[in-house]
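This report describes the fold of one protein chain and some of the contacts within it. Please keep the sequence and the structure in view while reading.

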Amino acid sequence: MASFTKLASGSWRAQVRHKGRYVSESFQRREDARRWATDMEGRIDRGELPTSARARGIATFEDLVDLHVADMSEVGKAPGRSKDATLLMLKRELGKLIAHFDGNPRQLIPMGRIIKFAVATAMRQEEICRVTWSDLNERTKMLTIRDRKDPREKKGNDQRIPLLAVSGYDALALIEEQRSIRSNEDDCIFPCNHKSVSNVFTRACQVLRIEDLHFHDLRHEGASRLFEAGFRIEQVSLVTGHKDWKMLRRYPTPRRETNM
């Protein structure tokens with residue numbers, strides 16, 4: 001599905017969501033935006049992985065955050081003070097964290113990949129460490145989370161979520177990277193103890209002198225990016241597992257004009 005938004009500048013922003021893929025671009029004329037969207041949908045149908053012109057220039061996490069802030073401002077949703085502070089903190093510190101983990105050959109837990117997966121799926125650390133290969137449906141690009149946290153149900157709250165590629169990270173591609181290092185005895189996709197993940201994350205923050213950053217912040221960032229990608233609150237809740245939408249209404253939701 002393609003959507004088109006007229007921006008305050010008078011230009012048009014096109015967004016394409018098709019078969020689990022997302023890409024956006026801005027144009028001076030609406031007709032150019034429509035033609036581009038049609039071309040992108042065709043590329044996705046052919047199995048290609050299209051990216052916007054700006055996204056193709058992304059090389060670092062900082063580049064991604066810069067693009068994220070620019071996109072929010074472009075649609076008249078510039079980050080507020082608290083959101084802006086969070087993004088600046090993530091821009092400054094999260095990239096440092098990922099580099100810290102990826103640059104440590106003795107780090108057995110794939111923390112860099114887990115951090116990216118947390119943002120891509122908005123999953124909690126214990127959920128990430130619990131999902132198994134049998135919970136994955138590659139054909140439908142769905143992942144089942146067993147006994148997902150719910151204050152009303154302790155057990156049996158299983159939920160299937162889509163593995164999306166709209167946050168800057170491709171959730172399914174990250175799982176495939178895990179497959180390449182999988183041992184025969186590994187049943188879990190990320191065979192790590194969630195408490196160990198938390199401890200390693202906290203210890204790295206201490207080493208790097210990063211204050212007030214917690215693993216759970218990645219879940220909030222993941223939910224925020226879903227809204228900023230144009231998903232509605234009911235769609236976001238299907239990913240995050242929120243039964244009460246009050247928790248999700250604090251996130252910014254860009255206004256769009258949709259044309260099928």
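A salt bridge is a side-chain nitrogen of Lys or Arg within 4 Å of a carboxyl oxygen of Asp or Glu. In this predicted model, Glu31, Arg34 and Arg35 are linked in a network of such salt bridges. The structure holds 13 salt bridges, and several of them are described below.

**The chain as a whole**

The protein chain contains nine helices and seven strands. Of its 260 residues, 47% are buried. Among the contacts in the chain with a separation of 6 or more, 58% are between residues 24 or more positions apart.

**Salt bridges**

The table lists three of the pairs, with the N to O distance of each.

| Acidic residue | Basic residue | N to O distance |
|---|---|---|
| Glu31 | Arg35 | 3.2 Å |
| Glu177 | Arg113 | 3.0 Å |
| Asp158 | Arg146 | 3.5 Å |

Where do Glu31 and Arg35 lie? Both belong to helix H1, which spans residues 30–45. They are four residues apart, about one turn of the helix. Glu31 counts as partly exposed because its relative accessibility is 31%, a value between the limits of 20% and 50%.

The salt bridge of Glu177 with Arg113 has its closest N and O atoms 3.0 Å apart. This pair links distant parts of the chain, with Glu177 in helix H6 (residues 171–179) and Arg113 in helix H4 (residues 111–121). In sequence, the two residues are 64 residues apart. Glu177 has a relative accessibility of 36% and therefore counts as partly exposed.

In the third pair, the side chains of Asp158 and Arg146 meet. Both residues lie in the loop between E5 and E6, twelve residues apart. Asp158 is partly exposed, at 39% relative accessibility, and Arg146 is also partly exposed, at 38%.

**An open sheet of three strands**

The loop that holds Asp158 and Arg146 runs between E5 and E6, and these strands belong to an open sheet. Three strands form this sheet in the order E4-E5-E6, with antiparallel pairing. Strand E4 (136–137) and strand E6 (159–162) are the edge strands, each pairing on one side only. Strand E5, which covers residues 142–145, pairs with E6 in the antiparallel sense over four bridges. Which residue of E6 stands opposite Thr144? The residue is Arg160.

**Trp12 in strand E2**

Trp12 is found in strand E2, which runs over residues 12–18. Is this residue buried or exposed? Trp12 has a relative accessible area of 13%, so the residue is buried, the cut-off being under 20%. Trp12 and Asp32 are 20 residues apart in sequence, and their C-alpha atoms are 8.8 Å apart in space.

**Two helices in contact**

Two packed helices are described by the angle between their axes and the distance between the axes. The axes of helix H8 (residues 216–228) and helix H9 (residues 233–240) come within 10 Å and cross at roughly 150°. H8 passes H9 in a right-handed crossing. On the H8 side, the contact is made by Arg219, Ala223, Leu226 and Phe227. On the H9 side, Ile233, Val236, Val239 and Thr240 take part. What classes of residue make up the contact of H8 with H9? There are six nonpolar residues, one polar residue and one charged residue.

Methods. Residues numbered from 1 in each chain as written. Predicted model: local features only at pLDDT ≥ 70, side-chain atom pairs only at ≥ 80, totals over all residues. Heavy atoms only, no water. Pairing = 2+ DSSP bridges. Buried < 20%, exposed > 50% of the residue type's maximum accessible area, 1.4 Å probe, protein only. Axes fitted to C-alpha atoms, helices over the stretch in contact; angles between N-to-C directions. Left-handed = near helix turned anticlockwise from the far one by under 90°. Contact = heavy atoms within 4.5 Å. Nonpolar A, V, L, I, M, F, W, Y, C, P; charged D, E, K, R; others polar.
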